[in-house]
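Student: Could you take me on a close look at a single part of this structure and show me how it fits with what surrounds it?

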Amino acid sequence: MTAPAPDLSTLRGLHLPTGGNSAVQPEMVAALALGFSLALLVGLIRLVRARRGASVRRAALRELALAQSLEPEARRVAQARLLRRVVRTLKGEAAAGTSGAAWAATLDTTFATDFFRSGPGRVFADDLYRRPKTIDPAAIDAGLGRLLSQIRA
């Protein structure tokens, strides 16, 4: 025995929910617009933060590359000025105003290294205006390039 077929003649046709004469309801449009604008705002904030850090890094690396075409003594002076500007940008005026061993410690703290206290970078703290006999400009250039490329501001 088969069950009798249900009577479908009493069913209503498809219709939109009550309260709306069209498929677009103002509440749904407002919710979609709010969600989209919040997502856009979050993306914009992340982009600005990323560009700020990248722009400091990019500018520092560009100036380091320009300094490599100078004579060795002028190159060291240009690199020292670059380091002062980078520290001033990242840590403030007070940090950039130190000198000697305190400057080397500030540089090492800023770049999370020991390059300036015990490596070839100590030339920027102690021997900048002296004529040291054993300076390896390639080691200094490579070290500064590595440190400046790791800037995350």
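Tutor: Happily! One term will help later on: a nonpolar patch is made of residues with over 30% relative accessible area and no salt bridge, whose nonpolar side chains are joined within 5 Å. Please keep in mind that this is a predicted model.

Let's choose helix α4, which covers residues 100-111. Its twelve residues reach 17 Å from the first C-alpha to the last, close to the 16 Å expected at 1.5 Å a residue. Just after α4 comes A112, whose phi is positive, near 55°.

Now look at which side chains of α4 are hidden. The buried residues are W103, A104, T106, L107, D108, T110 and F111. A general rule is handy when you read such a list: an α-helix has 3.6 residues a turn, so residues three or four places apart point the same way. The buried residues of α4 pack against α2 (72-91), α3 (93-96) and α5 (137-148).

F111 leads us into the largest nonpolar core, which has 24 residues. F111 is among the residues with the most contacts inside this core, together with L83, F116, F124, L144 and L148. Two or more residues come from each of α1, α2, α3, α4 and α5, and α2 gives the most, with five.

F116 shows how α4 is tied in. Leaving aside neighbours within four places in sequence, F116 is in contact with A104, L107, D108 and F111, and its other partners include L83, F124 and L144.

D108 deserves a second glance. Side chains of opposite charge can pair when their charged atoms come close. D108 forms a salt bridge with R117, the closest N and O atoms being 2.8 Å apart. D108 counts as buried because its relative accessibility is 2%, and buried means under 20%.

The elements around α4 have salt bridges too. R75 and D141 meet at 2.6 Å, N to O, and this pair links helix α2 with helix α5 across 66 residues of the chain. R75 counts as buried because its relative accessibility is 14%, and D141 does so at 12%. By contrast, E93 pairs with R88 at 3.0 Å, where E93 is exposed at 53% and R88 is partly exposed at 35%.

Finally, here is the patch I promised. L34, L38, L41 and I45 form a nonpolar patch on the surface, with about 380 Å² of accessible area together. L34 lies in helix α1 (residues 26-67) and counts as exposed, at 52% relative accessibility.

Methods
Residues numbered from 1 in each chain as written. Predicted model: local features only at pLDDT ≥ 70, side-chain atom pairs only at ≥ 80, totals over all residues. Heavy atoms only, no water. Helix = DSSP H or I, 4+ residues; strand = E, 2+ residues; numbered from the N terminus. Expected span 1.5 Å × (residues − 1). Buried < 20%, exposed > 50% of the residue type's maximum accessible area, 1.4 Å probe, protein only. Contact = heavy atoms within 4.5 Å. Patch = residues over 30% accessible without salt bridge, like charges linked within 9 Å, V, L, I, M, F, W, Y side chains within 5 Å. Areas by Shrake-Rupley, 256 points an atom, 1.4 Å probe, with all protein chains shown as cover. Salt bridge = Lys/Arg side-chain N within 4 Å of Asp/Glu carboxyl O. Core = buried A, V, L, I, M, F, W, Y, C linked by side-chain atoms within 4.5 Å.
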